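Student: Please take a close look at the aromatic pairs in this structure. I would like one connected account of them and their surroundings.

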Amino acid sequence: MKLERICTRRLWTEVFAEFLITTLFISFVCGCSLAWNPPSSVMHMAISSGLGVATFAFTMWDVSSGLFNPALTIGFLVGGKKTFVQTLLYIVAQLAGSVCGAAMVYGVAPNKAITDSNLAVNLRNPDVNIWQAFGVEIWITFILVLVVFSVGDPERKLSGYGPPLAIGFYVFVGINFSIPLSGGGMNPARSFGPAVIMNSWQDHWIYWAGPIIGAVAAAVLYRYVFSQKILQKYQAPDDRYDEGLPTVIQLNTYPI
């Protein structure tokens with residue numbers, strides 16, 4: 001990327017957008033996890049995370065792609081959707097936003113609620129060993145990035161609320177599944193801010209390494225196997241290829 005591109009208002013608007021929506025998202029994640037009476041349930045936190053992701057992704061979808069997730073951002077780099085400089089600046093902004101979002105909740109919530117909830121710091125289930133939790137983080141982030149690439153494929157021409165809602169629905173399912181196992185990271189920024197504010201770093205590396213590995217694997221798979229450009233490139237030159245195939249295999253031929 002040339003120096004002129006780095007100095008443009010557009011780039012720094014994108015970076016600020018990532019900082020802002022990460023701050024807002026982490027503040028809601030931490031706030032919704034506070035231990036009141038009764039305390040937050042797994043379902044409560046999963047719904048809050050899913051709706052938050054759908055809302056904030058839609059908010060900045062046309063500005064910065066609405067990522068607010070370093071692993072997803074790296075996936076966009078591998079998938080050819082972001083440059084190295086964009087990726088680096090986005091991640092710095094996301095991490096700064098995650099700390100700010102967690103700090104906001106820490107500053108306004110009662111001490112007991114913060115202590116009892118540990119400010120939503122990700123912790124694996126003691127009955128789940130670290131490698132199992134690591135595998136869960138790879139798996140849930142792999143699916144997340146695969147969903148994001150699929151609904152955001154420009155050749156599919158999906159628009160409106162559909163793509164962010166699809167992402168939010170998956171986050172709801174993924175968090176509901178993973179909180180009882182690995183603690184439900186899926187997003188290094190979501191793990192980083194609360195860990196900084198609470199100075200809690202137990203097994204923290206799995207919430208970086210797992211999501212990044214999953215994101216890279218999904219980005220490579222979609223870019224070189226499932227993207228509409230690849231499917232169209234190897235599509236048969238006449239309709240005879242499609243004759244007799246099940247309808248589900250022909251979905252890519254339907255107008256959207």
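Tutor: What follows goes through the aromatic pairs and then turns to a buried loop residue. The model is predicted, and everything below is computed from it or, where stated, taken from the UniProt record.

The whole structure holds twelve aromatic pairs. One of them joins Phe28 and Phe56, a tilted pair with 6.0 Å from centre to centre and 45° between the planes. Phe28 belongs to helix 2 (residues 9–32) and Phe56 to helix 3 (residues 42–59), so the contact ties together parts that are 28 residues apart in sequence. Phe56 has a relative accessible area of 10% and is buried, because buried means under 20%.

Another pair is made by Phe134 and Trp205. Their ring centres are 5.2 Å apart and their planes stand at 45°, so this pair is tilted. Phe134 lies in helix 7 (residues 130–151), while Trp205 is in the loop between helix 9 (188–198) and helix 10 (206–226). The two residues are 71 residues apart, and the pair links distant parts of the chain. As for accessibility, Phe134 is buried at 13%, whereas Trp205 is partly exposed at 38%.

There is also an aromatic cluster, formed by Phe76, Phe149 and Tyr222. Lys81 places its charged end over two rings of this cluster. The charged end is 5.9 Å from the ring centre of Phe76 and 5.2 Å from that of Phe149.

The buried loop residue is Asn122, in the loop between helix 6 (111–117) and helix 7. Its relative accessible area is 4%, which counts as buried. The side chain of Asn122 reaches the backbone oxygen of Gly184 at 3.5 Å. Leaving aside residues up to four places away in sequence, Asn122 touches Gly183, Gly184, Gly185, Arg190, Ser191 and Tyr207.

For context, the UniProt record, an unreviewed entry, places the feature "transmembrane region" at residues 12–36, 84–109, 129–152, 164–185 and 205–225. Two of these spans can be described further. Residues 84–109 are 96% helix and 0% strand, with the end C-alpha atoms 38 Å apart. Residues 164–185 are 68% helix and 0% strand, and there the end C-alpha atoms are 19 Å apart.

Key: Residues numbered from 1 in each chain as written. Predicted model: local features only at pLDDT ≥ 70, side-chain atom pairs only at ≥ 80, totals over all residues. Heavy atoms only, no water. UniProt positions renumbered as here; feature names shortened; annotations may be inferred. Helix = DSSP H or I, 4+ residues; strand = E, 2+ residues; numbered from the N terminus. Phe/Tyr/Trp six-rings, centres within 6.5 Å; stacked < 30°, edge-to-face > 60°. Buried < 20%, exposed > 50% of the residue type's maximum accessible area, 1.4 Å probe, protein only. Lys NZ or Arg CZ within 6 Å of the ring centre and 35° of its normal. Polar contact = N/O pair within 3.5 Å; in protein donor to acceptor, adjacent residues only side chain to side chain. Contact = heavy atoms within 4.5 Å.
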